[in-house]
Every structure is written in structure tokens, then in C-alpha cells.
Amino acid sequence: MFPLRNLKRFFKKAIKQPGYAFLVFIKRLQAYFFYLQGKGKSSPPEAVTLFLTYRCNLKCKMCGQWGREGVSKRQDPEFIQKELSLEELKSIIDDLASFKPNITLFGGEPLLYKDCIELIKYIKGKKLHCLIITNGFLLEEKAKEIVEAGLDELNVSLDGAKALHNQIRGMPGLFEKITAGLKSINHFKSQKNTSYPLINLQCTISQYNYKYLEQLIDVADEVNADSLTFHHLIFVNSNILQRQKFYDSLLECNSSDWEGFNFQPEIPADILYEKMKKILSGKYRFNVDFYPNFSYSGLKEYYKNVDYLPLDYPCRCLSPWIVAYIFPNAEVRPCLNSTYSFGNLKKEKFLTLWNGLKAVKFRRFLKEKRIFPACIRCTELYRY
């Protein structure tokens, strides 16, 4: 529910958003009860992620969608262009609003979705918490609209200072656009006399930047960030993908999207751990953390052991009891990188699907197995 190694992170967030944190706590208690006693059913989810678009304007090196091994690059252009209309998304929000989940807008690059700002306004009109995960390219031109829409949290990807970030993300001038956009966000927040959206910088640790993570401390201070999180790299190997196929065959789905993460991390755990200790020993105006929050031994296992299983966290996945993903074709899925579907919102209401036969089957099977092979470095495994 709340892994012990995540409690400090949760309490720091709770200080900034106490009402939101209280609701999260209650919903996780309910979900954990259902995990133990629900026989595959669950309480309404704490969070729903809307996958607005597959499209992206960047080719970030470590991205599973559009990076070196990215699976989206192999898809048919017609598939990539598929998106739900604003009216369809409004109908989905109407369906969700009764149980007040936290809404995350995701992609691709969600700000490429032409009605993204209108959707944020609609979500906030329903008094739902709303967060967007963005590469920041379009922030400057949309800054005023984002603030006026009432967005709660703005999660922006940054992997280093100017030259390094631009190299990793594959676009000259991107860092400058992002920082200008964040300063515009702060300007309009000041004009409106509001603290929202909170600015959360998200750094993906990779072979390209693990030596230079401290660069982001100054960047976070410069853009008046509320938090800076360093995310450990997600990666798999061919053996994991092969073993996953057995479970997929039993569930009649596939996990081919994990193929975009099939690469070696090339990150020395010893050097990274010393870097982590140095950064975490500092005192900052904003929250700084590493996620997952590994011990030294846990970190070494994560990056070095091909047969890795979590040491610092429970070796079981609770995510499908707590979170749902809605894709551009209106399918409701329990996992971001699996095609397993609870059903389609064009045919059924959300709560009907959430505890329908396919959902119950998936959760029972997962609880029996605790985790699947591909789960071991998924961020959601370490969240709950």
C-alpha cells in the first residue's frame, strides 16, 4: 500500500497537498483491503491515466516509445494518429467523476493533443485533481492557458543542463524552450496569485547523465521547481521478454511494448550510489528524491543482476487494484505495456469494466503469481 521506503516521499508531498494526500491514503486503504479480501475485485481506482496520443515531437534516446528501441516507430501511421475526440473524453470524465480519481494526462506528448487545455478545464470543472506529464516543448506558448485552466501538477522531463539535455532528447534549443516555458508558468502563477500548478521536474537516470545529475539542482532552483525526482532507468532483457510470453499466452495478450526497453543500462551502481548520497545530503528549497528509493544493495541488484527481484520493496504488484489506463481507442487496461484489456468505454461504463469478468480474472491471476517477469523494473511495482 505504502512501501516503507516511500513514506518520506509521501509525507513531503502531503505537506504541499494535504487534502489530496488524505484522499490518496483513504483510497489506498480501500484498495489494499480488496487486494487481500476482494477475490479479484477492487474499490474504484485512486488514479486514472488518460493516454491522449501516441504522437511525440521528440526522439529521446532511452524512451520505450520513440527512443533507440522505441516500439512506436514500428507502428502504422494510422495507428499513431488515432485519438479520442474531446467529446468522447468529456463523456469518459463524466463517467469517472462520481468516484473522484486523480487524472493523469499522458502520451506520447499530451500537449500535442489539440484539445488538451479544454480537457484540463473540463476535468477541473468536475473538481478532480489533474496532472500532466510533458516534455516541455510547448510550455511557453501554452503557459497562460495551463495556469488559467487550473492544472494541479506539471511534471516536466529534464535530464541535465542545457547541452546535456538537448543531446539526450535529440533537439537543439529544447532546454532553453523548457526553461523559458517554466518561467512563463511562474509568471502567470504570480499574476493569478496561485501556487498551482506545482512544478515537478522528472529526470530519467541513464548512461548519458548519471555522472552529471547534480546539474539539475541549479536548474530546479532557477525555474522555481517544487520538486525534483531522479527516476531509475527502466530496462528489460531478452530473457525477461521470452519468459513474459508464457504469462501473456495464458492471458491471451502480449507485452510487446516492453521491447522498447530491451537494452543494457550501462550505469555503474557504485558510482551512481555515491552521486545519490552526495545529492541527498544537501539542503534545498524544493523536495529532492530518487525513485525507487533503493538501498545500496538494492541498487546494485537492480542494475547488475539479470535475474533481479526487488530487495527493498514487496515482490508483488498492487497497481491493477489502484490505477487504470485509458488508451486512445477507449480501452481500459491494467498495465501500460500490456495489451490486456478490461473492455472498451465505447461499449460499457467504467465501473462495469473495472470489476468485470476480465478484470477479476487478471487480478486473481496476478495475485497468485505476485508479479510477472516484465514487472520487475516497472515504476508501478514500487509505488504501492
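This is a short tour of a predicted model, going from its sheet to one tyrosine and then to some salt bridges.

**Stop 1: the sheet**

Start by colouring the strands. You are looking at an open sheet of 10 strands with mixed pairing. Reading across, the order is S7-S6-S5-S4-S3-S2-S1-S8-S9-S10. Now pick out the edges: strand S7 (287–291) and strand S10 (343–344) each pair on one side only.

Next, select residues 102–107 and 130–134. Those are strands S2 and S3, which run parallel to each other and pair over 3 bridges. Zoom in on isoleucine 103, and you'll find cysteine 130 of S3 standing opposite. If you want to show the links, turn on the backbone: strands of a sheet pair through backbone hydrogen bonds, either parallel or antiparallel.

**Stop 2: tyrosine 20**

Jump to tyrosine 20, which sits in helix H2 (residues 18–37). Is this residue buried, partly exposed or exposed? Tyrosine 20 counts as partly exposed, because its relative accessibility is 26%. Show its surroundings and leave out residues up to four places away in sequence: tyrosine 20 touches Asn102, His129 and Glu153. For a sense of scale, draw a distance from the C-alpha of tyrosine 20 to that of asparagine 344; the two are 324 residues apart along the chain and 29 Å apart in space.

**Stop 3: salt bridges**

The structure holds 17 salt bridges, and three of the pairs come next. Side chains of opposite charge can pair when their charged atoms come close.

- Stay on helix H2 and select arginine 28 with glutamate 46. Their closest N and O atoms are 2.7 Å apart. The pair links distant parts of the chain, since arginine 28 is in H2 while glutamate 46 is in the loop between H2 and strand S1 (47–53), 18 residues apart. Which side of the burial cut-off are they on? Glutamate 46 is buried at 5% relative accessibility, and arginine 28 is buried too, at 10%.

- Move on to arginine 55 and glutamate 83, with 2.8 Å between the closest N and O atoms. Arginine 55 is in the loop between S1 and helix H3 (77–81) and glutamate 83 in the loop between H3 and helix H4 (86–96), so this pair ties together parts 28 residues apart in sequence. Both partners come out as partly exposed: arginine 55 at 21% and glutamate 83 at 25%.

- Finish with lysine 114 and aspartate 115, whose side chains meet at 3.0 Å, N to O. Switch on the surface here: lysine 114 is exposed at 71% relative accessibility, whereas aspartate 115 is buried at 18%.

Notes:
Residues numbered from 1 in each chain as written. Predicted model: local features only at pLDDT ≥ 70, side-chain atom pairs only at ≥ 80, totals over all residues. Heavy atoms only, no water. Pairing = 2+ DSSP bridges. Helix = DSSP H or I, 4+ residues; strand = E, 2+ residues; numbered from the N terminus. Buried < 20%, exposed > 50% of the residue type's maximum accessible area, 1.4 Å probe, protein only. Contact = heavy atoms within 4.5 Å. Salt bridge = Lys/Arg side-chain N within 4 Å of Asp/Glu carboxyl O.
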